[in-house]
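Open the model in your viewer and switch to a view where you can pick single residues. We will take it one selection at a time.

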Amino acid sequence: MSLSILAVDDSKTMRDMIARTLNAAGMTTTLAEDGVHGVETLEAMDPPDAIISDINMPRLDGFGFIEAVRAREAFKGTPILVLTTESGADLKARARSAGASGWIVKQFDPDKLVRALKMVAG
């Protein structure tokens, strides 16, 4: 099963690492560089099986991005994993209330990321 994933992160290095990890696991990865670009990319593609989003990004942060995704009927059920350096319980609760499905702290373990995506999208 080949999953299609949208990854939104303002760090090119992180986007490259995510793409390498997911592509090696046989997933199709589309990349966006911040929340605004993520929304634009999402509207131009077939609905992905899952979305990965950073929290701290310019223009539109991860919370705003998640809320924008959840406001669109076509993406209400799309799993969203937050991938961030943040680990505070208050931020996790805020992400959950915005509509996030899960939370992974950077630096991520590639195998755990792949397993988490397969679990939420499979």
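Select Asp 34 and His 37 to begin: a polar atom of the Asp 34 side chain sits 2.8 Å from the backbone nitrogen of His 37. This is a predicted model, so treat each stop on the tour as a feature of a prediction. Now add Val 36 to the selection, and you will find its backbone nitrogen 3.1 Å from the side chain of Asp 34.

Next, colour by secondary structure and see where Asp 34 belongs: the loop that links strand E2 (28-32) to helix H2 (35-44). Is Asp 34 buried or exposed? With a relative accessible area of 6%, Asp 34 is buried, since the cut-off for buried is under 20%.

To see what surrounds it, show Val 8, Met 57, Pro 58, Arg 59 and Leu 60; Asp 34 is in contact with these residues, once neighbours within four places in sequence are set aside.

From the loop, step back to strand E2 and select the sheet. Five strands make up this open sheet, in the order E2-E1-E3-E4-E5, with parallel pairing. E2 and strand E5 (102-105) are at the edges; each has a single partner strand, so one side of each has no neighbour in the sheet. On average, neighbouring strands here are turned by 20 degrees against each other, ignoring direction.

For the last stop, select strand E3 (residues 50-53) and strand E4 (residues 80-84). They run parallel and are joined by three bridges. Pick Ser 53 and look across to E4: its bridge partner there is Val 82.

Key:
Residues are numbered from 1 along each chain as its sequence is written. This is a predicted model: local features need pLDDT of at least 70, side-chain atom pairs count only at pLDDT 80 or more; totals for chains, interfaces and linings use all residues. Side-chain values use heavy atoms; hydrogens and water are left out. Helices (H or I, at least four residues) and strands (E, at least two) are DSSP runs, numbered from the N terminus. Buried means under 20% relative accessible area, exposed over 50%, partly exposed in between (1.4 Å probe, protein chains only). A polar contact is a pair of N or O atoms within 3.5 Å; within protein, one must be able to donate a hydrogen and the other to accept it, and residues adjacent in sequence count only if both atoms are side-chain atoms. Contact means heavy atoms within 4.5 Å. Two strands pair if DSSP finds at least two bridges between them. Axes are lines fitted to C-alpha atoms, for helices over the stretch in contact, and angles run from 0 to 180 degrees between N-to-C directions.
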